[in-house]
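User: I have a structure open and want the reasoning behind some of its labels. Take me through them one at a time.

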Amino acid sequence: MGRKGFLGAFEELVLLAVIRAKGAGYGMTIRREIEERAGREVAIGAVYATLDRMEDKGWVVSRLGDPDPDRRGRARRYFEIRPAGVQALESARRSRDGLWDGVDLDSAVEGGL
Amino acid sequence: MSPGPKPPRWARALLERLQLDGDDGALVGDLDEEYRRHIHPERGRWRADLWYLRQVVGSAPALAGRVLATWLDGTRGVGGDVRVAVRVLRRRPGFTLSTLGTLTLTLGVATSVFSVVHAVLLRPLPFEEPERLVRPLPDELFYLGGQDLEPFAEGMTTLESFAAWGRTLALFVTDEDAEEVRGARVTWNHFEVLGTAPYLGRSFGRDDALADEAIMISHGLWTRRFGADPDVVGRSVRLSDGTATVIGVLGPDHVPMEYDWEVWRPLPADPEARGGNALAGYGRIAVGRSTDDVTAELRRVLPAVWAEGGYEATDEDRAGMTVETLTTWLLGDVRVSLRTLFGAALLVVLLACVNVSNLVLAQIHEREREFAVRAALGGRRLRLARQRLIELLLLCGVGGVLAFGAARASFGTLTSALPADLPRLGAVSMSTPVVVFAVVVTLGSVLVIGVVPTFARGDRAGVPTGAGKTTGSLASRRLRSALVSIQMALAVVLVVGAGLMVRSLTSLRTVDPGFDVEGVQTVRPAPSTSSYPDEAALTAYYDEVFRSLERLPGVQTVGGIQFLPMTPGGWWGSYRPEGRPVDADGEGLTTARRIVSGSYFEAMGVDVVAGRALEAADDAAGAEPVVVVNQTFGAEAFPGTDPVGRTVEMNDGVVRIVGVVADVRQSDLRTTAHPEMYMPYGARAWRRMHIVVRSEGASAPTSSLIADAVRSVDPSVPLLGPRTLREVVGGTFGATPLVTGLLTLFGAVGLLLGAVGVYGVTTQAVAERRREIGIRIALGAESRRVASRTIALSMRSAVVGVAVGWLVAVTASRLLEGLLFGVDPLDVGTFLLAPAGLAFVALVASAVPAVRATRVDPVRTLREE
């Protein structure tokens, strides 16, 4: 799976947002989705840089829509997940689930919360 | 819908700088879209602005990091791309070698030609404000006498300053050897008017003209004769007519008024001491005056000066008084030749580029699958384009370097093929501008070659077309056909140019000069005034020289003339034929006057048409003054009647015509004869005679034997030559043989590249249609018809090209006019043969692959599919 096989935390958020948008997600909707779910302000540049990197890895694919007069003639760049992206998410989830297994947060810190 | 309020402009501009590959403004568009949602209907847009700024500030580092990463990734790829390119090129040795060969040859020739053009034409003359230097009286027929100089120079107020020169010879003598060099007697201000300083020592001063002691030498002579000794200034040298002190050495860049000058000596200030030297000159135009002003003044001043000496200028004389810039005078003839060559060389480069373009196009076609596969595997379009560009740069770069090396190596050959009187030939070198030219023309080739295939890009499928091999891409085939047309057009232009030059040279070579060139050697002694002060001494000297030469075994006849045909110099006089009244306007007829001695006509092979040649008895003191005239003279002086026996009145007496000889081309092969009158040496002794020696082919004496025979009379007399008459005549061809040779080479290259183009496009068309051809033949089509259909397709683009090229050639041939002799620029033969020849070559080039294709077994072809 390439030299950057591991999925970063932010990458995971972005990928999940792409999936939730079901192919209709473009930069701003993806950004807003993460913002709403994660509860913190997210810079659009960070989203794009991540998407662009993941496109290079073959996890997502993008296409440009039609130019929109509402956006002063700028097109929207729509993103879709690719099988490789799904695999990356799956393996990330698997390894995390493996680690979560048997972890009791209540007793994690001595003396309890 | 109106876009509404806009976010802070600078923030937006920053984001646009950091755009990602393939983003096309989507990110900025997203922010614009959302920005408006952040505008509060009551509280205004400041919150939205703040949000926008936070977004920009938060985005910038991430985007910058991504852009940088992409860029690093990209450059990391270049090394790999170069390796891939090398591998690709090595895997296709045919393509690589033919491309490299084409580029090396054409770029090399272009670079060589440019090096000459640059050295000779483009560099300004090494004078101060050379554009203000003019040469009044560029025609050799007009000159100033020694007495005329001061009145003339003072009269010409449109010239800020005027300098004059007269040719001279200097004989350097040591105890061991003697060396004769050419040079000039110059007015003391010669170098001052030019605005050039010597390399060593000083220029002439006013005092140098009072005492004949100073001498200046060229850089070449300094190196050759004085071993580049820096202490040469102040040294005394022995000359045949006394001693002189070297006061200065000129720089290697100095351009003398005549190419072979190596010494300069002062022209005496005293007009009486100048002798009969014919002076030429040049001047610096006064500020604010034009060459027209100078011409107008010249036509006023010179006749006035001549009138002082008792000569009335005719209207014809006045019309001939013109002014040329010194640059034109020094470089004039050469310019047309070099420009033509340079233009042709660039055409050849263009042709080569089109040719390579066509090859590249074929390559792309062949590699369509490779590129399609790579595109499908995620290779970005830009990246693939970069890969192709790198291949091209590599090819052209290597070609350019090889070409540069070839140009450098061919220097010696090229410069020796150029006429020796080409100014500044020694300065031809690989200077910085030549290197820059080579680089620019190489990059230009990359551009031409690289741009053309992009026109074919539109139809390239993004997916490998599996079984779709039978149909070639239509657009790419059309483009290739168009390229073939361009190649053929360029080839026609080059071949027509070459054809015209070849015909011109042929007719120049077949011109009958009026004398027999073969078997004649010529030598010119220069007896000094101190050793041979009078006519008697000169006559005795030449008589002795003739006898000495006649004694040589193999020598048949010896004669002499003061101005040998095809050499510079002339003496003119006006005359009045007997029985013709003096014209009302005082205008007489003019003739060239020649002094001949010995058996000149026999030695030169000039036919006596009527009467007799001059004889020894005519030289005797008290003999009747007789002359021989040429046919043009006879026709002009005594139209329709026999001139023999008639008399002519000259300004120095009446002479009787005893014979008529054939016309001789005197100045060069291109110029027809003027009226000429030959008088015997006894009537007027001339100091420097050209001696012509005719000998029998096999037993002809060597030139050193001839020189020895002349020296045996008086070893102190300097000699010019000996040269063969063939060399003398060949010298007047100038750059014509070289221009012809190179244009012929260019034409041949054009022909070859044109043929290769047609061959290539037909081969490809055939390969693409293999299946179709197979099916047709399997179905019983006659192979001849199949082949002729293929040929017809290829010939269509070839013929279009030939037609276009023919039209271009019709327009462009006028540029060659100045170089042509005896051939019309629209010479019917050339304009018929060249396109016909090219069309034939195209036919053969397309027939070979077309016929071969029909020989293929149809069953096998079909099975392959």
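User: What is Thr762(B) in contact with, leaving aside its neighbours within four places in sequence?
Analyst: This is a predicted model. In it, Thr762(B) is in contact with Thr790(B), Ser794(B), Ser846(B) and Pro849(B). A contact here needs heavy atoms within 4.5 Å.

User: Why does Thr762(B) count as buried?
Analyst: Its relative accessibility is 0%. The cut-off for buried is under 20%. Therefore Thr762(B) counts as buried.

User: Where does Thr762(B) lie, and which residues of α23(B) are met from that helix?
Analyst: Thr762(B) lies in helix α21 of chain B, residues 736-768. From α21(B), Val758(B), Val761(B), Thr762(B) and Val766(B) meet Thr790(B), Ser794(B) and Ala798(B) in α23(B). The residues of this contact divide into 4 nonpolar, 3 polar and no charged.

User: How do the axes of α21(B) and α23(B) cross?
Analyst: They come within 10 Å and cross at roughly 140°. The crossing is right-handed.

User: What makes β16(B) mostly covered?
Analyst: Strand β16 of chain B spans residues 626-630, and 5 of its 5 residues are buried. Val626(B), Val628(B) and Asn630(B) are on one side. Val627(B) and Val629(B) are on the other. Both faces are covered.

User: How do you know that β16(B) pairs with β18(B) and β19(B)?
Analyst: Pairing needs at least two bridges. β16(B) has 5 bridges to β18(B), running parallel. It has 2 bridges to β19(B), running antiparallel. So both count as pairs. Val628(B) stands opposite Gly659(B) in β18(B), and Val629(B) stands opposite Met677(B) in β19(B).

Key. Residues are numbered from 1 along each chain as its sequence is written. Chains are lettered from A and ligands numbered from 1 in the order in which they are written. This is a predicted model: local features need pLDDT of at least 70, side-chain atom pairs count only at pLDDT 80 or more; totals for chains, interfaces and linings use all residues. Side-chain values use heavy atoms; hydrogens and water are left out. Helices (H or I, at least four residues) and strands (E, at least two) are DSSP runs, numbered from the N terminus. Buried means under 20% relative accessible area, exposed over 50%, partly exposed in between (1.4 Å probe, protein chains only). Axes are lines fitted to C-alpha atoms, for helices over the stretch in contact, and angles run from 0 to 180 degrees between N-to-C directions. A crossing is left-handed if the near helix is turned anticlockwise from the far one by less than a right angle, and right-handed if clockwise. Ala, Val, Leu, Ile, Met, Phe, Trp, Tyr, Cys and Pro count as nonpolar, Asp, Glu, Lys and Arg as charged, and the others, Gly among them, as polar.
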